[in-house]
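Please open the structure in your viewer and keep the selection panel at hand, since each stop on this tour begins with something to select. Take the stops in order.

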Amino acid sequence: MNPHVQAGLLLTRRHFFSRGASGIGIAALASLLNQDLHAAEEGPSATRGLPGLPHFPPKAKRVIYLFQSGAPSQMELFDYKPRLAEFRGTELPDSIRMGQRLTGMTSTQSTFPVAPSLFQFAQHGNSGAWVSELMPHTAKVADQLCFIKSMHTEAINHDPAVTFFQTGAQLAGRPSIGAWLSYGLGSENKDLPAFVVMISQGTGNPNDQPLYDRLWGSGFLPTKYQGVKFRSLGDPVLYLSNPPGFAADDRRRFIDDLGQLNRLELDEFGDPEIATRIAQYEMAYRMQTSVPDLIDLSKEPARTFELYGDDARKPGTFAANCLLARRLAERGVRFIQLFHRGWDQHVKLPKQIVGQCRDTDQPSAALVQDLKERGLLDDTLVVWGGEFGRTVYCQGKLTADDYGRDHHPRCFTMWLAGGGVRPGITHGATDDYCYNITSDPVHVNDLHATILHCLGIDHTKLTFKFQGRHFRLTDVAGRVVKPVLV
């Protein structure tokens, strides 16, 4: 067949109009991506965010989110309930439970005995914050922290609850909070991703809930905004190193030639994912230099490892990831998220939580202290917490030295530090059973709205049109929790 005839037969109506409107399509695409589509030709530069952002002067430039996957027990850590000792072994009153739903793991229990914490609490700092003996290092920086004891969520099981905290929706498919910030504010560093994720496994529960890549995905945003996961073994990012016999100059020529081919496709089809591919190849090339320097801890003084603990020398630990988080913050990475697994303690909680706190207490406190000493805490917002809390009643058999706790979305504790948050305060309160909120409730959407506010973003105005609707991280809800802000 004549090749011209064949080409005409294969030219679909959509293809014809996409080619005919290539000039308009490219202009719209440039607006969507908020950067020059030919940046690769002009040389690398830090990517810009949306025009008009931030909406007002920000207090924070970046976020470090220490996500404690599996849900830490607030009663063992921060929400001191001295009266629970009086109620030990008694049935949780119906007037407290109020018919609230249970998970499938305790719904068949015939009794719900109250289990007070086995651990001691004390007040710390000028703020007088109550902190458990499990968190001695966190206690030392209590005056830098803002405790929110009235967090609540809608999800009662791990996957939808974790998804809710990461994306503002319980169902998968929405952009993660880091992707929203990357999209809205862009990056301050041309050589590192705007959004970096690291995962560590705790010693509390080694069989804890899994984590999925979609939790740091971009959803319906262009994929260039998704998080880049750093690995603990081998290359921090897959395929970062050149293969044997392939020199840096070869890689540069390969990227240039491939970029030209991709730009031809971009000019023809106007697909934003092609622009993403071009940008990501360029980023990967620059990361070949920036990442090895980032993870090289040889120049860190001995005091650094005394501060973060010996685990900071072991790649893949929470302590090592906290130290890398500080180094990423120094380099202008916009959103740094650490996931630490092992907090899902339905049984043997007193034993398991000791290991989890040993993993996280010192490095979390060290990160806050380190940022403060380096002058970074004022414009870095640190967030610590899990997807929900734990029940006051025992799951399984209550003994003198052992108990477990089920999921509890009605109330739990998180803390924030730096980046426009008032230090040394406690916001919200729960009842004597640590079962219901008694003042100043804070919903997941409220937390998201507050985080965005610290970054100078009006959460109602950071939107993306998808399938005919303008979506946002806080959906149709959310309010800024102004009492916790400076």
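Select V383 together with L416, and you will have a bridge pair in view, for L416 in β11 is the bridge partner of V383. Keep in mind as you look that this is a predicted model. Now widen the selection to the two strands, β8 (residues 380-385) and β11, which run antiparallel and are joined by three bridges.

Next, add strand β4 (residues 145-152), which also runs antiparallel to β11 and is joined to it by five bridges. To find one place where these two strands meet, select L145, which stands opposite A417 in β11.

With the neighbours in place, look at β11 itself: how many of its six residues are buried? Six of the six residues of β11 (residues 412-417) are buried, so the strand is largely enclosed by the rest of the structure. If you show the side chains, you can follow this on both faces, with F412, M414 and L416 buried on one side and T413, W415 and A417 buried on the other.

Move now to another strand, β5 (residues 195-201), and select V197, which lies within it. V197 has a relative accessibility of 0%, and because buried means under 20%, V197 counts as buried. Leaving aside residues up to four places away in sequence, the residues that V197 touches are W216, G227, V228, K229, F230, Q337 and F339. For a sense of distance, also pick L181, which is 16 residues away from V197 along the chain, with 14 Å between the two C-alpha atoms.

The following stop is a pair of helices, so select α11 (residues 248-269) and α12 (residues 272-295), which pack at an angle of about 170° with their axes 9 Å apart. Because angles over 145 degrees count as roughly antiparallel, α11 is described as roughly antiparallel to α12. To see where they meet, show side chains including R251, I255 and L258 in α11, and I274, I278 and Y281 in α12, which are among the residues in this contact. Sorted by class, the contact between α11 and α12 has nine nonpolar, three polar and seven charged residues.

The last stops concern salt bridges, of which a search of the whole structure finds 28. Begin with R83, which forms a salt bridge with E86, their closest N and O atoms being 3.4 Å apart. Is R83 buried, exposed or partly exposed? At 37% relative accessibility R83 counts as partly exposed, whereas E86, with a relative accessible area of 56%, is exposed.

R83 also meets D432 in a salt bridge, at 3.1 Å from N to O. This pair links distant parts of the chain, since R83 sits in the loop between α5 (74-77) and α6 (84-87) and D432 in the loop between β13 (429-430) and β14 (437-439), 349 residues apart. D432 is partly exposed, with a relative accessible area of 36%.

Finally, select E300 and R327, which form a salt bridge with their closest N and O atoms 2.6 Å apart. Here E300 lies in the loop between α12 and α13 (302-308), while R327 lies in helix α14 (residues 318-330), 27 residues apart. Both E300 and R327 are buried. Extend the selection to D293, R326, E330, R331, D370 and R374, which are joined with E300 and R327 into one network by salt bridges that share partners.

Definitions and conventions
Residues numbered from 1 in each chain as written. Predicted model: local features only at pLDDT ≥ 70, side-chain atom pairs only at ≥ 80, totals over all residues. Heavy atoms only, no water. Axes fitted to C-alpha atoms, helices over the stretch in contact; angles between N-to-C directions. Helix = DSSP H or I, 4+ residues; strand = E, 2+ residues; numbered from the N terminus. Parallel < 35°, antiparallel > 145°, perpendicular 65-115°, else oblique. Contact = heavy atoms within 4.5 Å. Nonpolar A, V, L, I, M, F, W, Y, C, P; charged D, E, K, R; others polar. Buried < 20%, exposed > 50% of the residue type's maximum accessible area, 1.4 Å probe, protein only. Salt bridge = Lys/Arg side-chain N within 4 Å of Asp/Glu carboxyl O. Pairing = 2+ DSSP bridges.
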